[in-house]
Amino acid sequence: MRKVLYSIFLAGLLFSCGPKEGQQDLGATEFQTALAEESGAQILDVRTIEEFQNGHIEGAINADVSSPAFAQIADELAKDKTVYVYCLSGARSSSAAGMLKEMGFKSIVNLTGGMLAWQSANLPIATGEAKVATSAGLTEASFAEKIKGKPMVIIDYNATWCGPCKQLSPILKEWVKAQNGKVELIEIDVDENQELAKSKKIESIPYLEMYKNGVKTWTSVGLIGKEELDKSLR
């Protein structure tokens with residue numbers, strides 16, 4: 001009976017302590033060796049930009065895991081290639097690895113101990129400006145997917161520097177709230193979604209669109225008042 005219990009206990013250890021599927025944890029030296037063996041390795045530094053600039057692994061892309069931009073930057077990488085991820089001590093990169101797995105990455109290598117372990121092993125450190133993956137944001141296809149299956153959506157194309165956009169925002173939100181859940185508001189920053197803005201030929205903001213079941217039914221350019229908005233959309 002004891003032998004049976006011991007066998008079950010040992011099997012439990014093997015399954016619980018083994019590497020997570022699709023994720024491999026490597027120490028600093030092994031991590032460096034793996035990078036050296038792969039040409040054009042995809043490396044994600046998931047710390048803040050300030051941490052990155054104070055010292056990072058050569059060739060790494062900065063994608064702060066606490067930032068909303070993390071998923072957008074990571075999505076630019078090839079999901080069929082290994083992605084190497086690290087942070088300061090290994091905690092944030094472990095969380096990032098889980099997020100990457102959810103996004104569809106099949107092979108993820110996490111640096112155990114992070115930059116602290118890297119520095120302790122006296123491995124080379126690069127400094128300077130952050131190398132960030134550029135992204136044009138939403139495309140026509142991803143935009144269509146975003147509004148798919150929604151009965152009524154109003155799209156607010158804006159920018160942080162746009163004064164009229166800031167004036168219009170509370171008007172839109174108040175109007176949408178008054179519709180009692182029948183209308184969804186989606187705000188899109190044109191600076192962060194340049195490809196979509198270009199394909200829609202948006203030349204002036206604020207720019208509004210209304211979609212019903214995926215079909216565009218109304219557009220408006222410029223600041224619009226509450227009464228005019230209500231009259232147009234009803």
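Two exercises with worked solutions follow.

The model is predicted: local features need pLDDT of at least 70 and side-chain atom pairs count only at pLDDT 80 or more, while totals for chains, interfaces and linings use all residues. Residues are numbered from 1 along each chain as its sequence is written, and side-chain values use heavy atoms, with hydrogens and water left out.

**Exercise 1.** Determine which strands pair with β6, and in which sense.

*Solution.* Step 1: strand β6 spans residues 152-158; strands are DSSP runs of E with at least two residues, and helices are runs of H or I with at least four, numbered from the N terminus. Step 2: pairing requires at least two DSSP bridges between two strands. With β8 (residues 207-212), β6 forms 6 bridges in the antiparallel sense. With β7 (residues 184-189), β6 forms 6 bridges in the parallel sense. Step 3: Tyr157 stands opposite Tyr207 in β8 and opposite Ile188 in β7.

**Exercise 2.** Establish which elements supply the largest nonpolar core.

*Solution.* Step 1: such a core is a set of buried (under 20% relative accessible area, 1.4 Å probe, protein chains only) Ala, Val, Leu, Ile, Met, Phe, Trp, Tyr and Cys residues joined through side-chain atoms within 4.5 Å. Step 2: the largest core has 18 residues, and Phe143, Ile155 and Tyr157 are among those with the most contacts inside it. Step 3: α7 (140-147), β6, β7, α9 (194-199) and β8 each supply at least two residues of this core. The most come from β6, with 3 residues. Of the residues in β6, 6 of 7 are buried.

Methods:
Buried < 20%, exposed > 50% of the residue type's maximum accessible area, 1.4 Å probe, protein only.
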